[in-house]
Amino acid sequence: MESKKTLPGTPITGAEWENEVYSFRKHSVQLRYAWDAGSAVSGFLEGLKEGRILGRRCNRCMRVLVPPRAFCERCFRSTDEWVEVKDTGKINTYSVSYVNNDASRRDKPLIVAVIEIDGASPGMGFLHVLGEVEPSKVHVDMKVKAVWKPRDERVGAITDIKYFKPLEV
Amino acid sequence: MRRVAVVGAGMTLFRHRMLETGKEMAFEASRMALDQAGLDIKDVDSVVLGSAPDAFDGVHMKGEYLLDGAGGTRKPYTRVFVGGGTGVFVPIAAWWQVASGVADIVLVVGEEKMSPLLPHPQYAFWSIFDPILERPLGVTLLWIFSLEMRRYMHVYNVSEEDIALVAVKNKRNALDHPAAQLAANITVDDVLKSEPICWPVKRLDVSPTSDGAAAVVLASEDVARRITDDPVWITGVGWNVDSTYWTNRDLCYPEYLEKAANMAYRMAHISDPKKEIDFAEVYDPFDYKELHHMEGLQLARRGEAPKLTREGVTQRDGDLPINPSGGLLGVGNPIAAAGMMKIAEVFWQLRGEAGKRQVKKPVRRGLAQAWGDLMQVGTVVIMER
C-alpha cells in the first residue's frame with residue numbers, strides 16, 4: 001500500500017461544490033407515512049391521553065416492560081397484562097443538545113434524558129426531554145416527574161408529556 | 001470448516017465529498033485489492049458488499065446499484081447490513097462462503113457515499129429511530145452517543161480529558177495514513193474547547209461524515225498458498241445483536257459486543273485476549289467509543305481503558321496499540337468502508353506493509369471490530385500471520 005503514492009479518488013472542495021464546478025443533479029423527495037402504533041403501543045398512547053403511563057408484564061420473567069410490547073423478546077411469548085406505573089422516575093443518563101436533527105444549531109439548548117420509570121423493572125425507561133431545570137443542575141440518578149399537557153390538548157402521543165422536571169428543589 | 005485467508009486489500013481516499021460515484025469508488029477499491037492479490041475479476045467466485053442506510057444515496061436498491069462497481073455482475077452476490085457494524089460484518093459474510101466451501105475466492109467490498117444527502121448526512125439517521133415514541137421528540141443520532149458517553153463517564157468515573165486523549169492519539173496516527181480526511185496534531189485542550197454539539201460530545205470528539213470505499217479479497221487455503229507467500233488467516237469471527245429497546249439496557253457496557261468477541265475468541269482459541277491480541281482496530285466513531293469497545297472486547301477491564309490510554313499502552317509504540325491506522329476519528333467515517341478500512345489495516349500491519357503506521361512491536365495476531373445500529377450490534381474479526 002505504501003508503494004502506492006496516491007490512493008484513488010477525487011475530493012471536491014467546499015468552494016468547488018458551492019460553484020458547481022462538477023456536474024450535480026439535485027432533487028428533493030417528499031415521502032408521507034402513517035405508522036400503525038401496534039397493539040401494545042396503542043394502549044400506551046391511550047394511557048398517555050389519560051395522564052397515565054402503562055407497561056406490560058411478562059409473567060414468566062416477571063419484567064414490567066416500559067415501553068410496553070405485545071411480546072417479551074427474551075421469553076419469546078406474549079406478554080400477560082397491563083400494569084400502570086408511576087409518572088416519576090430517575091435520570092439514567094442525560095445530554096445537552098445544541099443541534100437539531102439536520103445538524104443545524106438550536107436557538108436554545110435542549111436537555112434530553114433516558115428516564116428509568118418508577119414501577120417498571122430496574123433499568124427500564126424511555127427517551128424524553130427535561131424542563132424547568134438548568135443543564136448545570138441536572139445529574140444522573142436525579143428524581144424527576146412528568147409534566148403533562150392539559151387534558152384537552154393530549155392526543156395520545158409521547159409529546160402528551162411536555163417534559164420531565166426535577167422532583168428535588 | 002476450511003481455513004480462510006486474506007490475500008489483498010485496497011481503498012480510496014476518504015473525503016467529505018468525492019467526485020466519484022459510489023460505483024466508481026467501489027471499483028477503485030476492488031481493483032486495488034485484486035491487483036494486490038494478483039487476481040482478476042474472472043477468478044472471483046462470489047462478491048459480498050456492505051453499505052449503510054440507503055437514505056444517504058437516495059437510491060433504495062443500493063446493493064444492486066453498486067453491483068457493477070463491486071464486480072458482482074453475473075456472480076453470486078450479496079449485500080449485508082448491520083448499521084455501523086456492517087464494515088466488519090461484510091468479511092464475516094464472505095468468510096462463511098469460503099469456510100463452507102461454497103466459494104474459493106470472494107471479493108469483499110465496503111462502500112459509502114454520504115455526501116449526497118442535504119443539508120447534512122446526519123438527517124438520514126433520524127429515520128433509524130422508533131417512529132411513534134422517539135422521532136416526535138426531535139431525536140438525532142448524536143443524542144444516543146452523548147447519552148451513552150455520559151452514562152459511561154458516570155458509572156466508571158471517567159473524565160472528558162481522558163476521553164479526549166483518544167481523539168488526540170487517533171488524529172495524530174492518521175497523519176501517516178494516505179487516505180486520511182481529518183489527520184491533525186491537536187491537544188486535549190483543543191478537544192475540550194471545541195464547540196459543544198450534544199454535551200458531553202464536542203466537535204473534536206466526533207468522526208466526520210465521509211465518502212469512500214475499501215475492499216479485501218478472501219481465498220481458500222489452496223488458493224492462498226498458490227498465489228501468495230504471505231497469507232493472513234481469519235481465525236475467528238463473531239457477531240451479536242441486542243434489542244432495539246436501547247433505553248432498556250445499561251449503556252455503560254456493551255454486552256452484545258462481549259458476546260460477539262467471545263464467539264470470535266472461542267473460534268481462535270484465545271482465552272486471555274489482553275495478552276493474546278497484539279493490536280486492535282476498534283470502532284471509534286466517537287472518542288469514548290474506543291474505550292467502551294476495548295472494555296467490551298475485554299482488552300481492558302471495565303472502566304480500565306482510560307487508564308491504559310493515559311499510560312500510553314494504546315499508542316503505536318505501546319504494549320497494546322489501538323487504532324494504529326488513525327481510526328474513524330482521523331482517517332474518516334464512510335460507514336461500511338470505515339469498518340473495511342480496519343480490516344485492511346490489520347491485514348497490512350500483519351504483513352508489515354503499514355509503512356510509517358507500522359506498530360513498533362512484532363505482531364502476529366490482530367483484531368478488527370465495528371459497532372452500530374441502535375447501540376446494539378458488535379462485529380469482530382481476528383486475523384493471524
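**Exercise 1. Describe how β5(B) and β6(B) are arranged, and which strand of chain A joins them.**

In chain B, β5(B) and β6(B) form a hairpin with one residue between them; here strands (E, at least two residues) and helices (H or I, at least four residues) are DSSP runs, numbered from the N terminus. The model is a predicted one, in which local features need pLDDT of at least 70 and side-chain atom pairs count only at pLDDT 80 or more, whereas totals for chains, interfaces and linings use all residues. Residues are numbered from 1 along each chain as its sequence is written, chains are lettered from A and ligands numbered from 1 in the order in which they are written, and side-chain values use heavy atoms, with hydrogens and water left out.

Step 1. Take the pairing inside chain B: β5(B) and strand β6 (residues 201-202) of chain B are antiparallel and share two bridges, where two strands count as paired if DSSP finds at least two bridges between them. Within this pairing, B:Pro196 stands opposite B:Lys202.

Step 2. Turn to the other chain: β6(A) runs antiparallel to strand β5 (residues 196-199) of chain B and is joined to this strand by two bridges. The bridge partner of A:Val96 is B:Trp199, and A:Ser97 stands opposite B:Cys198.

**Exercise 2. Characterise the contact between chain A and chain B.**

Step 1. Begin with the extent of the contact, which takes 49 residues from chain A and 52 residues from chain B, contact meaning heavy atoms within 4.5 Å. The two chains bury about 4700 Å² between them, and 68% of this lies on carbon and sulfur atoms; buried area is the accessible area (1.4 Å probe) that two parts lose on being put together, summed over both.

Step 2. Count the polar links: 19 residue pairs, both residues at pLDDT 80 or more, are in polar contact between chain A and chain B. A polar contact is a pair of N or O atoms within 3.5 Å; within protein, one must be able to donate a hydrogen and the other to accept it, and residues adjacent in sequence count only if both atoms are side-chain atoms.

Step 3. Assign the chain A side: α2 (38-49), β6 (88-99), β7 (105-117) and β8 (125-130) of chain A each supply at least two residues of the side that touches chain B. The most comes from β6(A), with eight residues. By class, this side of chain A holds 29 nonpolar, twelve polar and eight charged residues, where Ala, Val, Leu, Ile, Met, Phe, Trp, Tyr, Cys and Pro count as nonpolar, Asp, Glu, Lys and Arg as charged, and the others, Gly among them, as polar.

**Exercise 3. Locate the salt bridge between the chains, and explain what B:Arg310 ties together.**

Step 1. Between chain A and chain B the count is one salt bridge, defined as a side-chain nitrogen of Lys or Arg within 4 Å of a carboxyl oxygen of Asp or Glu. The pair is B:Glu195 and A:Arg105, at 3.0 Å from N to O.

Step 2. Over all chains, the whole structure has 43 salt bridges. One of them joins B:Arg310 to B:Asp162, with the closest N and O atoms 2.5 Å apart. Because B:Arg310 lies in helix α11 (residues 305-310) and B:Asp162 in helix α5 (residues 160-173) of chain B, the pair ties together parts that are 148 residues apart in sequence.

**Exercise 4. Work out the strand order of the open sheet in chain A, and explain which strands stand at its edges.**

Step 1. The open sheet consists of three strands in the order β2-β1-β5 (chain A), with antiparallel pairing. Since β2 (64-65) and β5 (81-85) of chain A each have a single partner strand, they stand at the edges, and one side of each is left without a neighbour in the sheet.

Step 2. Strand β1 (residues 53-57) of chain A pairs with β5(A) over five bridges in the antiparallel sense, and in this pairing A:Ile53 stands opposite A:Val85.

**Exercise 5. Find residues with unusual backbone geometry.**

Step 1. Recall the background: most residues other than glycine have a negative phi, and most peptide bonds are trans.

Step 2. A cis peptide bond, with omega about 0°, joins A:Val66 and A:Pro67, and A:Pro67 is placed in the loop between β2 and β3 (71-72) of chain A. Another cis peptide bond, again with omega about 0°, joins B:Leu118 and B:Pro119; B:Pro119 lies in the loop between β4 (105-113) and α4 (141-156) of chain B.

Step 3. A:Ala103, a residue other than glycine, has a positive phi near 80°, and its place is in the loop between β6 and β7 of chain A.
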